[in-house]
Every structure is written in structure tokens, then in C-alpha cells.
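Trainee: Could we go through this structure together? I would like to learn how each label is earned.

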Amino acid sequence: MPRTALRICPLCEATCGLTLTIEGATVTGARGDRDDVFSRGFICPKGAAFGQIDADPDRLRTPLVRRAGRLQEATWEEAYDAIAAAVPGLVAEYGAQSVGVVLGNPNVHTMAGALYPPLLLKALGTRNLFTASTLDQMPKHVSSGFLFGDPLAIPVPDLDRTDFLLLLGANPVESNGSLCTAPDFPGRLKALRARGGTLVVVDPRRTRTAALADRHLAPRPGSDALLLAALAHTVLAEKLAAPGTLEELVEGIGELGAALGSFTPEAVAPACDLTADEIRSLARELAAAPTAAVYGRIGSCTVEHGTLASWLVDVLNILTGNLDRPGGALFPLSATDRAPRPAGPGRGFTVGRWHSRVSGHAEAKSELPIAALAEEIETPGEGRIRTLIAIAANPVLSAPDGDRLDGALAGLDFMVSVDPYLNETSRHAHVVLPPPPPAQSAHFDFAFNAFAIHNQARYSPPAIPLEEGLMDECEIHARLILAVSGLHGAPPGAVDERVIADTLARAAADVHSPFHGTDPSEQAGRVTGRTGPERRLDMMLRLGPYELVLDDLLEAPHGIDLGPLRPRLPEVLKTRSGRIELLPDPIAVELPRLRAALADRPAALVLVGRRHLRSNNSWLHNVPALTGGSNRCTLQVHPQDAARLGLTDGGRARVAGDGGSLEVPVEVTEAVRAGVVSLPHGWGHDRAGARLGVASATPGANVNQLLDGTRFDRLSGTAVLNAFPVELTPLP
């Protein structure tokens with residue numbers, strides 16, 4: 001008889017609740033959980049395909065170990081024996097900095113990816129950390145760090161209560177949102193308009209999100225920071241600024257006016273390819289709205305001035321009095337966040353505490369730019385990366401110049417991949433450790449609850465018992481930590497118990513902790529959970545702001561509603577001044593470069609990426625239910641550009657950039673503005689040795705091969721993946 005089980009969807013940032021239909025040990029269907037306290041039954045095509053993803057025949061079921069140059073199936077013991085025999089010796093011979101760690105986007109979608117990588121880095125002692133953040137969201141972390149003193153203090157738009165929403169470089173109708181966890185983003189945008197609110201979308205493409213808007217502005221790609229600077233200038237110059245209760249918490253408003261003095265609508269309009277009147281009207285509407293929120297994402301981050309654009313998003317929220325205000329942009333409070341403590345000055349935030357070995361790239365949030373990984377492997381000398389551990393990462397497709405990185409990975413002394421697939425990156429590994437299908441894993445959203453538009457907590461135990469021969473993903477990580485740190489063979493549960501003991505000892509010594517002055521061993525005895533990860537979750541809940549325990553979540557399978565977002569300032573501020581630092585020095589130093597962009601001569605043709613509703617980066621191209629339709633790797637070209645260049649709909653073209661050229665099918669459409677072409681990210685499944693049967697049948701082209709990795713946002717180290725110049729040539 002079929003049965004049902006609840007599961008939080010791990011396939012994008014929306015974290016929707018699912019009801020799975022299960023027959024035996026197979027997921028045969030998935031629908032939205034109508035009783036889920038957050039998603040209320042919403043489901044997208046990715047969630048509906050959960051069963052196909054779970055049962056993908058190309059998922060690895062056993063570890064792989066390289067023998068005589070070939071990856072072969074092995075036992076778990078053989079896999080960890082190989083790691084323990086190689087990694088500690090290489091570290092002893094070449095030093096801790098000879099090891100690199102790469103974390104891919106899927107890490108934040110699993111409990112294991114949230115709980116164990118920090119322990120792995122500590123065990124290795126390396127500073128060579130590369131993550132997907134420098135391919136998408138690092139500018140927001142850096143700007144939040146400068147403004148608020150904490151790179152994780154990221155305000156999110158209060159979608160359900162705002163009167164005016166300005167979206168830049170975001171297409172949440174298809175992406176489901178990013179750094180703004182909101183199930184049914186499309187429905188919430190429609191509800192905004194239905195209650196009389198205003199939606200303005202700024203995007204060079206007429207996306208499905210733009211189609212919902214009251215007004216769609218299509219500026220020149222890469223000009224977001226200039227447009228935002230002109231909006232802020234107008235608010236200040238026309239004395240429309242009204243920070244309200246924020247005024248006593250903000251320093252630098254006067255200096256900000258002078259710093260933005262040259263970014264008038266008239267000066268900025270030609271560079272944005274908008275009119276000065278359009279810019280000025282938008283600024284006035286934003287300032288006049290009863291409540292408003294400005295939200296910028298990938299399109300405004302992965303460009304040359306991405307950190308400045310991210311900073312200016314919150315500058316506008318602050319100047320209009322909408323930061324930390326219902327209906328504006330607020331700071332979520334996760335159930336596993338630490339309990340609130342008295343406001344006061346903090347340690348502040350800085351970048352560049354260390355630099356990459358070859359090109360001297362500054363670290364940001366303890367990470368180095370992933371676009372610099374290839375040179376760190378290739379370049380001889382002390383500190384060259386010889387050993388790489390890649391966890392849920394496929395940088396050969398996601399980072400610039402995959403061909404170069406592909407060659408670099410082939411030259412490593414040793415590589416470990418934690419990945420369910422043999423993909424374009426993991427095919428280079430000496431050991432591949434495959435996690436089980438998602439239905440066989442427990443789930444709690446440590447990361448995304450910190451960006452949720454409504455405070456809530458939900459936990460999913462495994463929906464299906466672990467299949468014989470597979471290993472729980474958390475145990476995979478724990479054993480990896482033991483193997484690289486010289487403790488191979490120790491019980492994996494010891495990793496979690498050490499974390500619990502250390503955390504409770506620190507809590508006992510912390511005067512602001514609810515466990516201050518208590519006996520750590522006594523508190524550890526009260527922690528519950530069937531597994532080490534559950535015990536850690538229970539401990540974090542107990543230390544958190546809502547006085548929850550794991551049993552509370554187990555008794556509420558549809559989740560616990562913790563209420564709407566509420567003002568949290570000055571509690572969240574960790575700047576050295578204890579205030580919002582509106583014009584921090586690194587930003588002020590960078591503004592002249594933005595000012596110089598006013599005189600730049602724009603390229604004739606620039607490329608932007610695009611999101612697909614039925615995909616998530618390179619993850620889901622191997623799922624039959626998510627292929628075809630609009631989920632295609634085509635080069636979108638405006639009819640005017642197509643006519644000028646001799647391109648035809650359905651024909652082919654060669655597109656060339658800094659890093660090389662690609663041959664791609666052409667899609668002539670007015671969805672892109674003239675002077676802009678669009679090619680989606682995450683394709684290029686045509687490399688020998690990968691085992692992705694469905695994806696390789698329609699491989700598409702890797703758009704990041706058009707880049708050579710030299711274009712960066714200087715403040716964050718984020719690769720420029722949008723608004724870069726290209727040339728097109730028609731092909732027969």
C-alpha cells in the first residue's frame with residue numbers, strides 16, 4: 001500500500017513543504033503540503049519531479065576509487081583508507097596551504113553541508129577555501145558586512161506587507177528567489193499588486209517577473225550601481241530622505257550626499273540608457289510610498305560593481321526609512337540563530353585579511369575567488385594546491401574558463417569529491433563519496449531560515465530508511481574529517497559529540513547565553529536526538545531565541561510558525577561604532593571607479609545569463625521531467641540585432657568573449673533588449689568521463705567558457721558573469 005511522508009524540498013531556496021507518495025522504498029509522487037506553515041501547498045516543477053531526482057539511475061550507489069588511472073567501484077572502507085593514506089601525508093610534506101576546499105551551491109541545501117565543512121577546514125588548517133558565493137552572492141555579504149558589521153546580517157524584503165517593491169537583476173518567478181526565502185514568490189508578487197501595491201522590475205530582459213510588473217525598466221546591463229546611485233542622489237538632493245527612527249543609528253548621511261554628488265539623473269541616464277525623468281520619477285515614487293523595499297540579486301551582483309550595487313540597495317532602504325520596518329526590509333531571526341544579546345559595538349568586518357598566492361586576490365568572508373582556483377593549482381611554488389576536496393561542487397561548469405580548470409584538476413596529486421554524480425568536475429577525483437538520495441536524508445534549513453520572509457522552523461526526518469550499502473551524508477562528512485586529520489577509524493559520532501561539548505562549554509562561559517553558568521556535561525545529557533546531527537540541531541534550538549527543542553519540531557511535522565519578521569535594530573549591528581556605517585572607507589575608495597564608468601563607451605553587444613524554472617545551476621539537467629520546453633540552452637537575440645548580424649531564429653551562431661568562443665542555437669526574441677544577448681548558466685555536459693546520460697544527450701554550451709577569469713568585482717572577488725562584451729558571427 002502506498003504511504004505518504006512529509007519532506008522539505010531541498011532543490012532551491014524557497015524550501016517548500018512536500019507531501020511524498022511512497023511505494024516500498026520508491027517515491028512515486030510529490031505534491032505541495034497544504035498544511036505547511038510556510039509554503040501552504042505551493043510547489044514548482046522541480047519539487048514535483050522529486051521522485052525522478054531521488055531515483056535517478058545515474059546517481060552513484062557506491063564509492064569510487066582511482067586505480068591504475070581509472071575510477072572503480074570500492075567499499076566505503078577502501079575509500080576512506082585511500083583518503084587517510086594520501087591526505088595527511090601530503091599535508092605533512094607540503095603544508096596545510098597545499099590543500100584547497102571547494103564548496104558548491106548544493107551544500108547549503110543539506111544538513112551535512114551546513115554542519116561539517118567548517119570542521120573540515122579547521123582539521124585541515126587551510127585558508128584556501130573557494131565556494132559558489134564568489135559566483136553569485138558574495139557582494140551582498142560584503143556590503144552587509146561593511147554596513148552592519150556582520151556579513152550574514154542580510155535584510156530581506158517584507159513581501160507580504162510592502163506597498164512598493166523595486167526588484168533589480170532578479171527573476172524570482174523563475175528562480176524562486178535568492179537570499180530571500182519565499183515559497184510561492186509569484187503568488188506573493190500578484191498579491192502585492194492585488195492589494196494596491198506597486199511592483200517595478202529593472203532588468204534588460206522581459207522576464208516572467210517583469211511581465212507581472214506595473215513598470216519594467218530595461219537599462220543597459222551592468223549599470224545597476226549607477227542607477228541606484230542616481231536614485232540615492234535624487235532622494236538626498238530633493239530632501240526626500242526620511243530615515244525616521246533609524247536616524248540615531250546611522251552615521252555618514254552628510255558624507256554620503258557629497259560622495260554621490262556627481263551621480264545626477266542627467267549624468268547617469270546615458271550610461272544606463274534610461275531617461276533622467278524615468279530615474280527621477282522612480283526615486284520620488286520610492287520615497288513617497290507608505291512602505292517600500294528595494295531588492296537586488298544575481299543580475300546586480302555578478303557584474304563589475306556588484307558590491308556597490310548591493311550596498312546602494314540598502315542605502316536606499318535606509319534613506320527612505322524602510323530598513324528594519326514592517327513592509328520594508330527586515331532581518332529574519334532563525335530558530336537556530338543565537339539568542340539575542342544586548343546591542344553594542346562589535347568587531348566590525350573587513351576584507352583582505354589574507355590574499356591568494358598567485359594574483360594576490362583579497363579574501364572575503366574567509367573565501368578566495370573561485371575564479372582563481374585554476375592558477376592556484378597550476379602555478380609552481382610553495383603553497384601550490386596539490387590536494388583538493390570538492391563537496392557538492394562542479395566548478396568546471398560554474399566558474400569562468402572551465403577548460404583551464406579542467407586541465408588543472410587533472411594535474412592534482414589527490415582529489416576527493418563528495419558528490420552523488422560523476423560529473424564534469426568529480427570525474428577528476430581519486431575518491432568519490434556519494435551521498436544517498438534526498439528522501440533518505442533528514443533535513444533542516446540552517447542557511448535559508450536566516451533569509452526567510454517569515455520566521456518559522458521545520459524539520460524532516462528521512463522519508464525512507466537508508467538503503468543497504470549507502471551511507472548517511474552526515475556520516476560521510478564526519479568520516480572524511482577523521483580521515484584527513486589522522487583519526488581514521490575513530491567513531492564518526494565522536495565528531496558531533498566534540499562539537500556539542502565545545503559549544504556548551506563556550507555557552508556556559510558566555511554571560512549572554514541562556515546556558516551561562518551551567519554545567520556543560522549536564523546540559524549535554526539533556527540534549528536529545530537519534531543521531532549526532534539531530535543532537536546538534538537540538539542543542540542549537542535550545543541555545544536559540546525561541547526556547548525550542550527538537551521534540552517540538554518532531555511533534556509539528558508541518559512546521560512551527562514563529563511569527564512575522566519584526567524590527568531587530570540595533571541588536572544585529574556588529575560594527576565597531578555600534579551604528580550603521582553608511583559610507584565605510586572601502587566603499588568610499590571604490591566610488592571613483594564607479595564615477596569613471598559614467599564616461600565609458602559601452603560595448604556594442606553584451607551578454608547576460610538567465611534562470612530557468614525547471615533548473616538550478618547545473619544540478620537538474622539529468623532529470624527527464626525537467627528537460628525540454630523553455631529549459632533550453634539557446635542564445636536569445638533581439639530582432640534588430642539579429643537582422644543587423646544576419647542571424648535567423650533556429651539558426652546557429654558563434655559567440656566569442658575573453659575566454660574563447662562557443663557555437664550555439666539562436667532564439668530571436670523581443671524578451672531581450674537591443675544590444676543584449678542571453679545564454680543560460682550551468683550547461684556544457686559534453687565532457688568525456690562524466691556519467692550523466694540525460695544531460696549529455698542535450699549538453700548545451702558552457703557560457704562561462706566565454707570568460708577567462710580576469711573580470712572581477714574588486715571589493716568581493718566575485719566573478720563577472722553578466723554584462724560582458726561578446727561578438728557574434730552567423731554560422732551556416
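Mentor: We will take labels one by one and test them against their cut-offs. Keep in mind that this is a predicted model.

Trainee: Let us start with helices. How is the packing of two helices described?

Mentor: Two numbers do the job: the angle between the axes and the distance between the axes. Take helix 5 (residues 117–124) and helix 19 (residues 473–484): their axes lie 9 Å apart, at an angle of about 5°.

Trainee: Why are helix 5 and helix 19 called roughly parallel?

Mentor: Angles under 35 degrees count as roughly parallel. The angle here is about 5°. Therefore helix 5 and helix 19 are roughly parallel to each other.

Trainee: Which residues make the contact between helix 5 and helix 19?

Mentor: Helix 5 supplies Pro117, Leu119, Leu120, Ala123 and Leu124. Helix 19 supplies His477, Leu480, Ile481 and Val484. By class, that contact has eight nonpolar residues, one polar and no charged ones.

Trainee: Now the rings. How many aromatic pairs does the structure hold?

Mentor: It holds five aromatic pairs. One of them is formed by Trp76 and Tyr80.

Trainee: What makes the pair of Trp76 and Tyr80 stacked?

Mentor: Check two values. The ring centres must lie within 6.5 Å, and the planes must be under 30 degrees apart. Trp76 and Tyr80 are 6.4 Å centre to centre, with 25° between the planes. Both tests are passed, so the pair is stacked.

Trainee: Why are Trp76 and Tyr80 about one helical turn apart?

Mentor: Both belong to helix 3 (residues 76–94), and they are four residues apart, which means a separation of about one helical turn. Trp76 and Tyr80 are also buried.

Trainee: What makes the pair of Phe148 and Phe331 edge-to-face?

Mentor: Planes over 60 degrees apart earn that name. Phe148 and Phe331 have 90° between their planes, and the distance is 5.2 Å centre to centre. So the pair is edge-to-face.

Trainee: Where in the chain do Phe148 and Phe331 sit?

Mentor: Phe148 is in helix 6 (residues 138–148). Phe331 is in the loop between strand 14 (329–330) and helix 16 (373–378). They are 183 residues apart, and the pair links distant parts of the chain.

Trainee: How do you know whether Phe148 and Phe331 are buried or exposed?

Mentor: Buried means under 20% relative accessible area. Phe148 has 0%, so it counts as buried. Phe331 has 2%, so it is buried too.

Trainee: What makes Arg536 a charge over the ring of Tyr116?

Mentor: CZ of Arg must be within 6 Å of the ring centre and within 35 degrees of the ring normal. Arg536 lies over the face of Tyr116, 5.1 Å from the ring centre. Arg59 has a similar role in our list: its charged end sits over the ring of Tyr421, 6.0 Å from the centre.

Trainee: Why is Arg347 called exposed?

Mentor: Exposed needs over 50%. Arg347 has a relative accessible area of 77%, so it is exposed. Its place is in the loop between strand 14 and helix 16. Leaving aside neighbours within four places in sequence, Arg347 is in contact with Lys574 and Arg576.

Trainee: Why is Asp273 called partly exposed?

Mentor: That label covers values between 20% and 50%. Asp273 has 39% relative accessibility, so it counts as partly exposed. Asp273 is in the loop between helix 12 (265–272) and helix 13 (276–288). Its phi is near 60°, a positive value in a residue other than glycine.

Trainee: Which label fits Glu547?

Mentor: Its relative accessible area is 73%, so Glu547 is exposed. Glu547 has a positive phi as well, about 55°, although it is not a glycine.

Trainee: How do you know that Pro680 is buried?

Mentor: Its relative accessible area is 0%. The limit is under 20%, so Pro680 is buried. Leaving aside neighbours within four places in sequence, its contacts include Arg610, Arg632 and Cys633. The C-alpha atoms of Pro680 and Arg610 are separated by 4.7 Å, with their positions 70 residues apart along the chain.

Trainee: And what makes Cys633 buried?

Mentor: Cys633 has a relative accessible area of 10%, so it is buried by that cut-off. Cys633 lies in the loop between strand 21 (606–608) and strand 22 (635–637).

Methods:
Residues are numbered from 1 along each chain as its sequence is written. This is a predicted model: local features need pLDDT of at least 70, side-chain atom pairs count only at pLDDT 80 or more; totals for chains, interfaces and linings use all residues. Side-chain values use heavy atoms; hydrogens and water are left out. Axes are lines fitted to C-alpha atoms, for helices over the stretch in contact, and angles run from 0 to 180 degrees between N-to-C directions. Helices (H or I, at least four residues) and strands (E, at least two) are DSSP runs, numbered from the N terminus. Angles under 35 degrees count as roughly parallel, over 145 as roughly antiparallel, 65 to 115 as roughly perpendicular and the rest as oblique. Contact means heavy atoms within 4.5 Å. Ala, Val, Leu, Ile, Met, Phe, Trp, Tyr, Cys and Pro count as nonpolar, Asp, Glu, Lys and Arg as charged, and the others, Gly among them, as polar. Rings of Phe, Tyr and Trp (its six-membered ring) pair if their centres lie within 6.5 Å; planes under 30 degrees apart count as stacked, over 60 as edge-to-face and the rest as tilted. Buried means under 20% relative accessible area, exposed over 50%, partly exposed in between (1.4 Å probe, protein chains only).
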